Amino acid sequence: MPRFSSLRDFSLLCLGLALLHTRSFVMAVNPIIQTRFTADPAPMVWNDTVYIFCDHDQPGAATGFNMIDWRLYSTTDMVNYVDLGSPLALTAFSWASYNAWAPQTIERNGKFYMYVAAGQSNGNMAVGVAVSDTIEGPYTDPIGKPLVATSTGNIDPTVFIDDDGQAYLYTGNPVLYYVKLNEDMISYSGVVQNVSLTTQGFGARPNFLYNAEKPTTFEEGPWFYKRNGLYYLMYAADCCPEDIRYSTSNGPTGPWQYQGLIMGEQGGCLGNHAGVIDYKNKSYFFYHNQGNSGGGQYDRSVCVEQFEYLSNGLFPTIEMTYTGAPQIGTLNPYQRVEAETMADSFGVQTQPCSLGTQNIDALEDGYWLMVQGVNFGRGSGARNWTASVASNTNGGTIELRIGSLTGTLIGSLTVPSTGGWQNWQTLSTSVSGATGVQNLYLVFRGEPGFLFNVDWWSFSK
């Protein structure tokens, strides 16, 4: 895994700004995931929580994508994200062997259906479906074969259930297809329908002379949804690099009316892929770029922006930013907080925990994570901090600081050897000065080498 820098060089974002950003001065939450490279975000709101399904770039790929599983994250405040691990891997599909691409998940009749693109042994991409009884998975293949497997264009599936109960799945590059899914969500009726990519529906491609087969802007990455009676088809456009554009319709299968640009060519990546949700009366636009240190064409990172639709329901132009979406509310520290919850971090990695969920691991001296907007309350505030820790070495120390990496030290916890990386002990330490709403930094200190793992933590009064 890459060791992420405490600086994010957003010259990579190609915004024309030669800025080096030190996070102890300005709060930054984009990219929202720092522990690994992620891309092709598919946000979903379920039970008052935002879940982000995405694919996963294995680091170090120099000439192509190396992607073997899909990842899942959640948030309730749009800044602190919880790593929920991998709900699905390529190995779940007997027919797939490479390119774990672009997921999207939807719920129906108490089950969750995850649609993905993956490579077959014949060299063609196909759309597969996996199902789970819970949103967090694990997901399994219910049909043992691809769901949609034409000769071309089977990537980046997007799924939507209309008000009348009919479900639709769109997919495509360089063509655009849709199918009408049956109620079981693992089969479809009729044939795969080819969408006519007219200039009225998808705009004229500025550089079409260089690619006569693609005279319109549509490239890939469709995202299909309905809002206030209007159907939206958002997609990655042109190539390369790609921007994000969209079309609208009064019906789920068109005819489509081209509406224009949402996000321009930014972020340094040749491609982009976006998803949109409404959450707690706000609208959010997810995308990816190569904004994490060490990022590149095959090492991408998910970001988010809050936006407002125009009065006529159309999109404004959305720019990539450092700060991303503002926080909704605050985080309650007087409950169990998974250690893999963070708004920002340096060096931190995650892994499956023997007790369930994930834990942060491979921590070394100087690594840190930040949890934003922690509400300690008024008065004396927090008095104790408890954490579940494990170490197979001499351990180390966890410094608790507020405000910044060098901010007020409110307490520290000494972590001894526990006899194994998954031999968990629950330890506590006293704290003082933790009042009000603060950004909390966990700074890890110790001898060279791996120090300890952390599963969860909580404060008490």
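**Entry 1: the largest cavity.** I sorted the lining of the largest cavity by class and noted five nonpolar, three polar and two charged residues; the model I am working from is a predicted one. The residues in question are Ile32, Ile33, Gln34, Thr35, Tyr73, Tyr81, Asp83, Glu340, Met342 and Ser345, and the volume they enclose comes to about 60 Å³. I then asked where this cavity lies with respect to the two domains. Since domain 1 (38-307) and domain 2 (337-460) both give residues to the lining, the largest cavity lies between them.

**Entry 2: the domains.** The domain assignment gives domain 1 as 38-307 and domain 2 as 337-460, and I found their centres, taken over C-alpha atoms, to be separated by 35 Å. To the contact between them, domain 1 brings eight residues and domain 2 brings 10 residues.

**Entry 3: the second largest cavity.** My search of the whole structure turned up two cavities of 30 Å³ or more, and the second largest has a volume of about 40 Å³. Its lining consists of Asp40, Pro41, Ala42, Ala102, Pro103, Gln104, Asp156, Pro157, Trp223 and His273. Strands β3 (37-46) and β8 (96-108) are the elements that give two or more residues to this lining, which divides by class into six nonpolar, two polar and two charged residues.

**Entry 4: the annotated positions.** I looked up the UniProt record, an unreviewed entry, and it places the feature "active site" at Asp40 and Glu220. These positions span 181 residues in sequence, yet their C-alpha atoms are no more than 11.3 Å apart, so they gather at one spot. Of these residues, Asp40 is included in the lining of the second largest cavity.

I then followed Asp40 further and asked whether it is buried or exposed. At 7% relative accessibility, Asp40 counts as buried, because the cut-off for that term is under 20%. Asp40 is found in strand β3 and, leaving aside residues up to four places away in sequence, it touches Phe53, Cys54, Asp55, Ala102, Pro103, His273, His288 and Arg300. Among these contacts, I recognised Ala102, Pro103 and His273 from the lining of the second largest cavity.

**Entry 5: the largest pocket.** Turning from cavities to pockets, I found about 490 Å³ of space in the largest pocket. It is lined by 20 residues, and those closest to its centre are Pro43, Met44, Val45, Phe160 and Ile277. I asked which element gives the largest share of this lining, and the answer is β15, with five residues. At least two residues each are supplied by β3, β8, β11 (158-161), β15 (218-227) and β19 (275-279). By class, I recorded 14 nonpolar, two polar and four charged residues in the lining of the largest pocket.

**Entry 6: backbone checks.** I went through the peptide bonds and noted a cis bond joining Asn30 and Pro31, with omega about -5 degrees, where Pro31 lies in the loop between β2 (20-22) and β3. Another cis bond joins Gly254 and Pro255, with omega about 5 degrees, and Pro255 is found in the loop between β17 (243-249) and β18 (257-263).

I also noted positive phi values in residues other than glycine. Asn109 has phi near 55 degrees, lies in the loop between β8 and β9 (111-120), and counts as exposed at 61% relative accessibility. Asn281 has phi of about 65 degrees, lies in the loop between β19 and β20 (282-289), and is exposed, with a relative accessible area of 83%.

How values were computed
Residues are numbered from 1 along each chain as its sequence is written. This is a predicted model: local features need pLDDT of at least 70, side-chain atom pairs count only at pLDDT 80 or more; totals for chains, interfaces and linings use all residues. Side-chain values use heavy atoms; hydrogens and water are left out. On a 1 Å grid over the protein atoms alone, a cavity is a set of points where a 1.4 Å probe fits but cannot get out, and a pocket is an open set with protein on both sides within 12 Å along at least five of seven lines; lining residues have an atom within 4 Å of a point. Grid points are joined across faces, edges and corners, and a volume is the space filled by probe spheres set on the points. Ala, Val, Leu, Ile, Met, Phe, Trp, Tyr, Cys and Pro count as nonpolar, Asp, Glu, Lys and Arg as charged, and the others, Gly among them, as polar. Domain bounds come from an automatic or database domain assignment. Helices (H or I, at least four residues) and strands (E, at least two) are DSSP runs, numbered from the N terminus. UniProt positions are given in the numbering used here, feature names are shortened, and annotations may be inferred rather than shown by experiment. Buried means under 20% relative accessible area, exposed over 50%, partly exposed in between (1.4 Å probe, protein chains only). Contact means heavy atoms within 4.5 Å.
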